[in-house]
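Here is a short briefing on a predicted model. Start with the backbone, then turn to the contact between the chains.

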Protein chains: 2
Amino acid sequence: MSEALAGGAVKEIPPKSADLSAWYTAVCLRAQLVSYSPVRGCVVLRPHGFGMWENLQRELDARFKATGHENAYFPLLIPESLLIREAEHVEGFAPEVAWVTQGGNEILTERLAIRPTSEAIIGTMYAQWIESYRDLPILINQWANVLRWEKATRPFLRTMEFLWQEGHTAHATAQEAREETLSILGLYRDFAENVAALPVYSGAKSASERFPGAVETFSIEALMPDGKALQSGTSHDLGQNFAKAYDIKFTDADQTIKYVYTTSWGISWRMLGAIIMAHGDDRGLRIPPKLAPTQAVFVPIVRSGDDRAIEVCRELARKLTAAGFRVRVDDRDEQPGWKYSEWDLRGVPVRIEIGPRDVEAGTAVLARRDRSKGEEGQRQSVALTEVEPTLRRLLEEIQASLYEQAREFLLEHTIATTDRSEFLELCSTRAGMIDIPWCERAECEAEVKRATTATTRVVRELQEGDVLCVACGEPAKARAYFAQSY
Amino acid sequence: MSEALAGGAVKEIPPKSADLSAWYTAVCLRAQLVSYSPVRGCVVLRPHGFGMWENLQRELDARFKATGHENAYFPLLIPESLLIREAEHVEGFAPEVAWVTQGGNEILTERLAIRPTSEAIIGTMYAQWIESYRDLPILINQWANVLRWEKATRPFLRTMEFLWQEGHTAHATAQEAREETLSILGLYRDFAENVAALPVYSGAKSASERFPGAVETFSIEALMPDGKALQSGTSHDLGQNFAKAYDIKFTDADQTIKYVYTTSWGISWRMLGAIIMAHGDDRGLRIPPKLAPTQAVFVPIVRSGDDRAIEVCRELARKLTAAGFRVRVDDRDEQPGWKYSEWDLRGVPVRIEIGPRDVEAGTAVLARRDRSKGEEGQRQSVALTEVEPTLRRLLEEIQASLYEQAREFLLEHTIATTDRSEFLELCSTRAGMIDIPWCERAECEAEVKRATTATTRVVRELQEGDVLCVACGEPAKARAYFAQSY
């Protein structure tokens, strides 16, 4: 354990309700998810934070593989001449690129970009690999670090270097590419809801919010406690834009030569930011059990030199580990109350307390992190033989309960309106996801953004009765959620 | 499947025995482990190669975690002022560094190195995290990409960017740091022998082969078929060198302030190069079953439109997958013989053939990749109900057999001598690991290197009867294996 948690540190977190931003930064640091580094814009992902990332990786990776995707690894550095081939793409990313200009003692004749994303290098390789329709589809994912030049630093939400996965697929037809894009959108939504316990709205982005070079971008959007939306995953239908820029062609079954259709899609460690903010409370993190690096922490209570509880905890921890749970024993020489606060702060879903009297009685106390102190069902004493089934049930209940609380919040803060001034007021005051019939015009979206800083989050089909855009009065063409966003 | 395997590609691999280097490059490309990229010195790790890397990761990671290590992630970019703090370290790495000098449109006031290794940034963070002896030990590992400026490209063995894991630990005492260094050396040896099926010699490196900044470097060394050694993993005792350079101090239980002792250790994708070279044969790869992305491939045989075999294969594949095997069904519209050659090339340990007659009889033919065609036990027909236990047994036998063959090779090519001219001759002709009593003098090693290009691989204790250094005639202080090396 490090110094950050020593002494009265736990108390130094401001209440979440009072100042979300201050709470967020404090909890990320105090719970030892991240540290700031001496490198501008870059954070260190510490073991507790990396443990969440590993669980996210394992869950997403299993879903990718179950749907036929394979992992690969492409170079970090991209020659400038490759990066600039797709016009919109380079325009979107050039201002954010870090450039390598020297190698060893050599000054390079061509600058090398550190990948801000890998369409350019992967497209170049696909052009080499693909010859015939028999080579399609190509379904590849990469887990990687990427870098986008950035001055501000906000753990997980805004960093220069970040970790992500980027899928890149190539298909014979436009329809297959679109199906892949939507299938991944569904996979992301499933992950968000069933693993991250985050209810999301999913759908298409407006033209102005599209990925540079995409034909259509889809995303999942979660709502944070301050009423701002957080885009947590995107899936892009790239049409033939990148195929034409990188010359990715194939001979079809009819012997004609065609460009492929490509997609790309990604989830980054930003998702961890959404999870921290959505589920945390005044005491710190509340990590969904499926992502928790430690699902249950044992706190043995030693009184008057009676340390039998430590061995009971260790023995039970061994059994639970063998049964597939992620548990640890906190046998440090500190007061139990201090440990309780620390593991509350760090968001461990269940705490298991065993003291001398429990040892005598063959019992343990299980405390749920998701409920408040003194709340009904927050603590329960069970026989040692019942710890495993009880823990299993509690973890499921906590996972479901965190989702349910977040869903209630989203539904309560999803507000449909047909009144223009109410719409603008709701957008300005961060009331949540503001649901209106919309004209789909970029000018209208820009005007709303200027007036309120809100933009469309996702767009979906018109509903019966939608006639005019609530924002501008032009004919409505879609329904959209507007919100301020991270 | 890609173009690289179409048509007669399989036949294009030169025999391994005739030209190891040409065979190696051809098999890496043709088996689709890697592709060359348009970025100098960088290769793409394709799904088949990445699948090997994923299995290596899983096996090593489980061993790290079982010994109390946790994963974390540190920044890719290291400010020049941090990198240069440890004098030997910077001298060793400066000529190999790629420098970022521009970010977005900004010219940086300080160059940022792309990490060639992470002692500098991790040491800086440890100095912030560690205050008291209670914070020790810190046992952290990182899976990361690193970059060392490099003009030549040889898949896995010599690339500018490569994937690796780097462990970095901090301890209160010199003894604990040394124990950690040796414990990891043992872990690496266990992995090499029991997962990679590579027998290795492990021990200390000579002073001239030490990691820049280390007090002592240990390594595991495998022997390749051309008689050259390949260093496959290193573990460094860094003493207090980095602690002093990065000011990593702690308050000990006695209230005095001390520098910590650190270690670092790594295995890179170079290990895959060793595996490919050691186990492959004229037909291509032979991947040890524990690392094989595909452990068994089904080849259904369709005759005269009778495609019942495909469904039988799929059904059996589902069962084997559920039982934890990594299998796939090759149902492409190609000739079985062509598929056999391809999967031989790609090193899949077991092929399962099912044709119309097998469907009638309820049988399958299992063919072992590690034996030659026509060799006793290479093919066997079993009842469908016996496929699972037979496959389990075959994978174990193949794993053991690959190890045994490599071990015989190592033992046959480990040659002790007490004759100076024989010693130099054996070194010059790449006869293998040449085992001599040695004086431990850098001048002696440099002289042997000049004369033969061989260097010490690992050094161990003197044996009874060792008196004089075979290379130079000075008093012997250790025994050493000399060999040319990759």
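In which loop is Arg430(B) found? Arg430(B) sits in the loop of chain B between helix H13 (420-428) and strand E21 (433-438). The model is predicted. The points below cover unusual backbone geometry, the symmetry of the two chains and their interface.

**Positive phi angles**

- Arg430(B) is not a glycine, yet its phi is positive, at about 55°.
- Arg430(B) counts as partly exposed, with 37% relative accessibility.
- Ala197(A) also is not a glycine and has a positive phi, of about 60°.
- In chain A, Ala197(A) belongs to the loop between helix H6 (174-194) and strand E9 (201-204).
- The relative accessible area of Ala197(A) is 0%, so this residue is buried.

**Cis peptide bonds**

- In chain A, Leu136(A) and Pro137(A) are joined by a cis peptide bond, with omega at about -5°.
- Pro137(A) is in the loop that runs between helix H5 (119-129) and strand E7 (138-147) of chain A.
- In chain B, a cis peptide bond links Leu136(B) to Pro137(B), and omega is about -5°.
- Pro137(B) is in the loop between helix H5 (119-129) and strand E7 (138-147) of chain B.

**Symmetry**

- Chain A superposes on chain B after a rotation of 180° with 0.0 Å of shift along the axis, and the RMSD is 0.0 Å.
- This is therefore the relation of a two-fold axis.
- Val100(A) has the C-alpha nearest the axis in chain A, at 2.1 Å from it.
- Both copies use the same surface, as 100% of the contact residues of chain A recur in chain B.

**Interface size**

- Interface size is often given as the accessible area that is lost when the parts come together.
- Chain A and chain B bury about 5000 Å² between them.
- Carbon and sulfur atoms carry 58% of that buried area.
- Chain A puts 65 residues into the contact, and chain B puts in 65 residues.

**Interface chemistry**

- There are 8 salt bridges between chain A and chain B.
- One of the salt bridges between the chains pairs Lys151(B) with Glu106(A), whose closest N and O atoms are 3.6 Å apart.
- Between chain A and chain B, 26 residue pairs are in polar contact (both at pLDDT 80 or more).
- Strand E5 (residues 98-103) gives the most to the side of chain A that touches chain B, with 6 residues.
- That side of chain A has 36 nonpolar, 11 polar and 18 charged residues.

Technical notes
Residues are numbered from 1 along each chain as its sequence is written. Chains are lettered from A and ligands numbered from 1 in the order in which they are written. This is a predicted model: local features need pLDDT of at least 70, side-chain atom pairs count only at pLDDT 80 or more; totals for chains, interfaces and linings use all residues. Side-chain values use heavy atoms; hydrogens and water are left out. Helices (H or I, at least four residues) and strands (E, at least two) are DSSP runs, numbered from the N terminus. Buried means under 20% relative accessible area, exposed over 50%, partly exposed in between (1.4 Å probe, protein chains only). Copies are superposed by least squares on the C-alpha atoms of residues with pLDDT of at least 70 in both. Contact means heavy atoms within 4.5 Å. Buried area is the accessible area (1.4 Å probe) that two parts lose on being put together, summed over both. A salt bridge is a side-chain nitrogen of Lys or Arg within 4 Å of a carboxyl oxygen of Asp or Glu. A polar contact is a pair of N or O atoms within 3.5 Å; within protein, one must be able to donate a hydrogen and the other to accept it, and residues adjacent in sequence count only if both atoms are side-chain atoms. Ala, Val, Leu, Ile, Met, Phe, Trp, Tyr, Cys and Pro count as nonpolar, Asp, Glu, Lys and Arg as charged, and the others, Gly among them, as polar.
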